[in-house]
Amino acid sequence: MPDRELLIRMRGVVKRFGDHTVLDQLDLDVPANEKLALIGPSGSGKSTILRVLMTLEAIDAGIVEIQGERDLAKVRSHVGMVFQQFNLFPHMTVLRNVTEAPIHVLKEDAAQARARAMDLLRMVGLEDRAEARPAQLSGGQQQRVAIARALAMRPRIMLFDEVTSALDPELVGEVLGVMRRLASEGNMTMLIVTHQMDFAREIADRIVFLHEGRILEHGPPSRILDAPEHERTRRFVKALRDR
Amino acid sequence: MDEPVFDWSYTWEIAPRLLDGLVVTVQATVLATVIATLLGLVLAIGRRSRQRIVAWFVAVVVEFIRSTPLLVQLYFLFFVLPSVGVVLSPLQTGAIGLGVHYAAYMSEVYRAGIESVPRQQWEGAVALGFSRRRTWLSIVLPQAIPPVIPALGNYVVALFKETPLLSAITVVELMQVAQIEGSRSFRYLEAFTLVGVMFLALSTISAAGVRILELRLARS
Ligand SMILES: Nc1ncnc2c1ncn2[C@@H]1O[C@H](COP(=O)(O)OP(=O)(O)O)[C@@H](O)[C@H]1O
Ligand SMILES: [Mg+2]
């Protein structure tokens, strides 16, 4: 395989909250188009990694580069993020949630942005809810809108932070379906924080197991899930499976 | 020799002059309201500045304005502005004083509205690449302002009721006209009754306006 472009490079990244070290000399490389699943116990720093990449947290030491750029604010529009709690804008229609950033950040023509937003809503199966308010939708529908909204910015990197954790079990499938489809389209780099091991196995090229702000081990899903090197990984995977 | 306690014909005689005073009162109220609502918003946003020094400075100014009497501020503007070369009419000076004073109070109302917008909304905006300015315009203010409009409206009514203070800096508003009429005829009952009725009428109308706004907002 030819060397793929390194999209994300993290070296010796340290993040502290007070005297609590949340990311502890973390190194992580993500090549273009990789589908990477981040797993690990609660509090191990999974969300913090995504939040650092999204410029929602500043780091205390180390290097983070996206597309070779260290000033992450400059490349922010190439990165999209989907949150556990959706974070849709409640005062806007679904359609405007999706068009607002393309129009005001990318300066797209309004009619063009609307047409593309409708395409994206169609892709996530919600073209008939374009004029609804987020509060009128189910959690699963809201999360699909949030994915469409992030995609409207044409990001190269998509960050998913436990996007199905706040959903009723029967609504999880529709969101995973959209992510599956996005993954299959190929030219998208995806970092997915999830507790859904079957889903991780299915779409991830690589799984990273985090423990106390460090990467304990990483590798293809079959190895991390079926034959982990570390006892902690094994226990974590087993606990999720038995749940 | 039997003078009526309440002289209706005298009342009719002075009513037009009092209405002129009321016009001045309304002008001062409208101008001060515009200043208070706009400046109040600017102050509230200033307090959220990422420049610590700006946020701190705004907080100090707001605190200072809120803890000194309006009358002192009015005198200050009335005597200091001309001495630094700013020549305004008493009405303009009074409206500015009143507007700035209430801007400080309204900024606290806006602040409550702004703080009620969840942090996740700001984060959603960052994730979409919005600038700070765009985040305020598209995301934060549209959610922060509607819930506080009733509280702002109540301050407008309060501001209106404080306009008689402007007579202290020679604005011939409603209260001042009543005083002039009273000292001319030595009859105060009619003039001040009219003042009371006029304030009551306008307060009632604007309070009803605030209430209607409130209901509208609750429905949307
Ligand atoms: N804003 C914050 N202030 C203080 N501590 C925080 C903050 N955000 C996260 N933490 C702490 O950092 C640790 C890692 O958090 P996080 O990255 O969210 O973990 P995960 O997503 O793996 O559950 C946790 O112990 C959490 O309590
Ligand atoms: Mg988390």
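Here is a short conversation about the predicted model shown above.

Visitor: Before we start, which residues count toward local features and side-chain pairs?
Guide: In this predicted model, local features need pLDDT of at least 70, totals for chains, interfaces and linings use all residues, and side-chain atom pairs count only at pLDDT 80 or more. Residues are numbered from 1 along each chain as its sequence is written, chains are lettered from A and ligands numbered from 1 in the order in which they are written, and side-chain values use heavy atoms, without hydrogens and water.

Visitor: What radius of gyration does chain A have?
Guide: The radius is taken over C-alpha atoms, and the globule rule is 2.2 Å times the number of residues to the power 0.38. For 243 residues, a compact globule would come out near 18 Å, and chain A agrees with that because its own value is 18 Å.

Visitor: What percentage of chain A is buried?
Guide: Buried means under 20% relative accessible area, exposed over 50%, and partly exposed in between, with a 1.4 Å probe and protein chains only. Of the 243 residues in chain A, the buried share is 54%.

Visitor: Which helix supplies the largest share of the largest nonpolar core?
Guide: A nonpolar core is a set of buried Ala, Val, Leu, Ile, Met, Phe, Trp, Tyr and Cys residues joined through side-chain atoms within 4.5 Å. The largest one has 39 residues, and A:M179 and A:M190 are among those touching the most other members. Helices (DSSP H or I, at least four residues) and strands (E, at least two) are runs numbered from the N terminus. With 8 residues, the largest share comes from helix 5 of chain A.

Visitor: Which residues of strand 6 or helix 5 does A:M190 contact, for example?
Guide: Contact means heavy atoms within 4.5 Å. Leaving aside neighbours within four places in sequence, the partners of A:M190 include A:M158, A:F160 and A:M179.

Visitor: How many residues of helix 1 are buried?
Guide: Helix 1 of chain A covers residues 46–53 and is mostly covered. Its buried residues include A:I49, A:L50 and A:V52. The count is 7 of 8.

Visitor: Is A:K107 buried or exposed?
Guide: Most residues other than glycine have a negative phi. A:K107 has a positive phi of about 60° although it is not a glycine, and it is found in the loop between helix 2 and helix 3 of chain A. Its relative accessibility is 65%, so A:K107 counts as exposed.
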